[in-house]
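Welcome, and thank you for joining this tour. Please open your viewer, keep the selection tool at hand, and follow along stop by stop.

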Amino acid sequence: MNNLRYSTQTITKTDIKAVKKVLYSDWLTQGPQTTLFENQIRKKVNSKYAVAVNSGSSALLLSCKALSLKKGDIFWTVPNTFVATTNCGLLCGAKVDFVDIDPNTWNISLKKLEEKLIKAKKKKMLPKVLIVVHLAGLPTNPKILFKLSKKYNFKIIEDASHSLGANYFSKKVGSCYWSDITVFSLHPVKIITTGEGGLCVTNKKKIYENLLLLKNNGITNNKKKFIFKNLGPWYYEQHTLGYNFRISEIQAALGVSQLKKLDSFVKKRNQIAKVYLKNLKNLPLQMQKVEKNFISTYHLFIIKLKDNKSNLHLKLFNFLRKNRIHVNLHYLPVHLHPYFKKRGFKNKNFPISENYSKNAISIPIYPHLTKKNQYKVIFLIRKFFNKNA
């Protein structure tokens, strides 16, 4: 058996054919495939606008910039996330703070969020932006977040890097019904892939125009937006500082092809998750709680030890890796990285996130994971606990 990774891309012959077709075309960047991909994404998630970019990290940064997050502002997120979720706001010059996670869903604790907002209002230190992370593909309750955003006047960015294809209250994640911007990642381990890539979706025209401008070096070719007289067909204007965060036609073509399989990918991941839930339920493990009215994409399947006596977490991790199951941790809390400790964050600042990171393991889940290999993972986990009961 080859190493079983916690996640990996599922590429088919139709994907390869789509990419080859672009390679023989006249367009390798800024062409029709990018426009097609963006249009298909916005229709898929029921948003008004979509902007494809070169990575999920770029999508997060553009989202913060599009909401005018800047020096002197504050933004909040969770410690249990990839560092890109915090870097995006810090790169705008804003100050970050964290809200601990819920012990059952492992998403942001809505109770702790409200408590922190009440205290922040008294101190006049409310966040301008909240970046909420949908861990492992499970959405956070958007209705409560939206209600709090109106009461405390902050904008919401959904870091839905894990959850393209997820649903909450019969609406697609990305519909932006309860948020300002939703961000998706198209990295190879995500639900669908463009190699590297990311997406911003929104329903607000002004935000959309900001995203377009910022991803293309601050340049516009829109004649209606020109400040000076159009001097010829070659004319364009730079209106702000921006970035080259464009996605290539090669990536977009792969995205168009992959998007056709999105529903089947999510269905397969849920089927695999169901098998894990059934076969691991009698072990001393906790699984992520998926509440009624929510559909997870199961980008990750995470098991969490209920008791870490005798350093059981590390032993299980090493045991699985020794047996060629390439498990991983998602995530080491952001505030414990050296960069953030230098900024004043300390151990025990966010105890639930810290406890989670000492006990959680992401085990293999992806659409082409075979039943034989999945049951191999289950067998090994059960074997470990039989020996370490």
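Start by selecting lysine 223, which sits in the loop between β11 (219-220) and β12 (237-238). Lysine 223 counts as exposed because its relative accessibility is 62%, and the cut-off for exposed is over 50%. Before moving on, please keep in mind that you are looking at a predicted model.

**From the loop to a nonpolar patch**

Keep lysine 223 selected and add leucine 23. How far apart in space are lysine 223 and leucine 23, C-alpha to C-alpha? The distance is 31 Å, for two residues that are 200 residues apart in sequence.

Now stay at leucine 23 and add Tyr24 and Leu28. Together, Leu23, Tyr24 and Leu28 make a nonpolar patch on the surface, and their accessible area adds up to about 380 Å². Leucine 28 is found in the loop between α1 (13-23) and α2. With a relative accessibility of 44%, leucine 28 counts as partly exposed.

**Stepping back**

Zoom out to show the whole protein chain. You should find 13 helices and 17 strands. The radius of gyration is 22 Å, close to the 21 Å given by the globule rule for 389 residues, so the chain is as compact as a globular protein of that length. Along the principal axes, the C-alpha atoms fill a box of roughly 80 × 60 × 40 Å. If you colour by accessibility, 54% of the 389 residues count as buried.

**Salt bridges from helix α2**

The chain has eight salt bridges by the rule used here. For one of them, select glutamate 38 and lysine 215, whose closest N and O atoms are 3.6 Å apart. Glutamate 38 belongs to helix α2 (residues 32-45) and lysine 215 to helix α7 (residues 205-215), so this pair ties together parts that lie 177 residues apart in sequence. Are these two partners buried or exposed? Glutamate 38 is buried, at a relative accessible area of 10%, and lysine 215 is buried too, at 9%.

Next, select lysine 44 and aspartate 263. Their side chains meet in a salt bridge, with 2.9 Å from N to O. Lysine 44 is in helix α2 and aspartate 263 in helix α9 (residues 262-280), so here the parts tied together are 219 residues apart in sequence. Aspartate 263 is partly exposed, with a relative accessible area of 46%. Lysine 44 also counts as partly exposed, at 26%.

**A small network**

Select aspartate 73 and lysine 70. They form another salt bridge, and their closest N and O atoms are 3.6 Å apart. Which residues are joined into one network by salt bridges that share partners? Add Lys128 to your selection, and you have the network of Lys70, Asp73 and Lys128. Aspartate 73 is buried, at 15% relative accessible area, whereas lysine 70 counts as partly exposed, at 44%.

**A positive patch**

Now show the surface and select Lys111, Lys112, Lys119, Lys122 and Lys123, which form a positive surface patch. Zoom in on lysine 112, placed in helix α5 (residues 110-123). Its relative accessible area of 33% makes lysine 112 partly exposed.

**A tyrosine in a loop**

Move to tyrosine 177, in the loop between β8 (171-172) and β9 (181-185). Tyrosine 177 counts as exposed, at 52% relative accessibility. Add phenylalanine 146: its C-alpha atom is 9.2 Å from that of tyrosine 177, and the two are 31 residues apart along the chain.

**Backbone details**

For the last stops, switch to a view of the backbone. Most residues other than glycine have a negative phi, and most peptide bonds are trans.

- Select serine 310, in the loop between β15 (301-305) and α10 (312-322). Its phi is positive, near 55 degrees, and serine 310 counts as exposed at 56% relative accessibility.
- Go on to arginine 324, in the loop between α10 and β16. Arginine 324 also has a positive phi, about 70 degrees, and counts as partly exposed at 42%.
- Finish at histidine 330 and tyrosine 331, joined by a cis peptide bond with an omega of about 10 degrees. Tyrosine 331 lies in the loop between β16 (325-326) and α11 (338-341).

Conventions: Residues numbered from 1 in each chain as written. Heavy atoms only, no water. Patch = residues over 30% accessible without salt bridge, like charges linked within 9 Å, V, L, I, M, F, W, Y side chains within 5 Å. Areas by Shrake-Rupley, 256 points an atom, 1.4 Å probe, with all protein chains shown as cover. Salt bridge = Lys/Arg side-chain N within 4 Å of Asp/Glu carboxyl O. Lys, Arg positive; Asp, Glu negative; His and termini not counted. Charge placed at Lys NZ, Arg CZ, Asp CG, Glu CD. Helix = DSSP H or I, 4+ residues; strand = E, 2+ residues; numbered from the N terminus. Buried < 20%, exposed > 50% of the residue type's maximum accessible area, 1.4 Å probe, protein only. Rg over C-alpha atoms; globule rule 2.2 N^0.38 Å.
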